[in-house]
Amino acid sequence: MAEAGTPEKVAELVKDVKVAMLTFVDPSGRLMSKPMATQDVDFSGDIWFIGERDSHKSRAIQQDSRVNVAYAGRGTWVSVAGRAEVVDDVARLKDLWNTFTDAWLEGGPENPNNVLIHVAGESAEYWDSPGGKVVQVANLVKAKATGERYEGENEQVEL
């Protein structure tokens with residue numbers, strides 16, 4: 001188990017969450033979020049997605065690279081802020097391509113419209129409620145009965 005407040009802890013919390021919400025700034029300045037399947041996480045803060053070059057999100061990222069990636073899983077929430085870029089790397093695209101990707105995108109990794117979206121995380125914040133559902137429910141009941149605030153783990157991490 002990784003130490004609290006470290007990049008390794010962030011990686012541990014997101015490793016099993018397959019879908020994240022990628023929030024970016026569209027050309028009109030509005031925040032937009034799209035679900036994305038995480039392909040790879042390397043916590044020095046790098047997150048990799050596969051997308052389409054001609055998509056709204058790819059064009060928006062090329063104009064304004066500021067993004068946020070949000071993960072939610074069994075009692076864990078993670079928010080990663082950083083910068084994104086569209087990357088042409090067919091070899092890496094082939095490495096990350098899988099059956100799930102094949103179901104959503106046409107033409108495989110050789111299709112020039114399929115690209116990588118690389119997020120270089122700059123900071124992260126997470127909330128973690130350790131234990132399974134039974135432990136979480138017991139802690140919530142205890143907090144309600146005692147009037148004491150339920151405390152999970154909440155840390156901000158520089159990546």
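**Exercise 1.** Find which residues have the most contacts inside the largest nonpolar core, and which element gives the most to this core.

*Solution.* Step 1: a nonpolar core is a set of buried Ala, Val, Leu, Ile, Met, Phe, Trp, Tyr and Cys residues joined through side-chain atoms within 4.5 Å. Buried means under 20% relative accessible area, exposed over 50%, partly exposed in between (1.4 Å probe, protein chains only). Step 2: the largest such core has 24 residues, and Leu22, Ile47, Phe49, Val69, Tyr71, Val78 and Val119 have the most contacts inside it. Step 3: among the elements giving two or more residues to this core are helix H1 (7-14) and strand S7 (114-128). S7 gives the most, with four residues. Helices (H or I, at least four residues) and strands (E, at least two) are DSSP runs, numbered from the N terminus.

This is a predicted model: local features need pLDDT of at least 70, side-chain atom pairs count only at pLDDT 80 or more, and totals for chains, interfaces and linings use all residues. Residues are numbered from 1 along each chain as its sequence is written, and side-chain values use heavy atoms, with hydrogens and water left out.

**Exercise 2.** Locate the salt bridge of Lys9 with Asp128 and decide whether Lys9 is buried or exposed.

*Solution.* Step 1: a salt bridge is a side-chain nitrogen of Lys or Arg within 4 Å of a carboxyl oxygen of Asp or Glu. For Lys9 and Asp128 the closest N and O atoms are 3.5 Å apart. Step 2: Lys9 lies in helix H1 and Asp128 in strand S7, 119 residues apart. Step 3: Lys9 is buried because its relative accessibility is 2%. Asp128, at 9%, is buried too.
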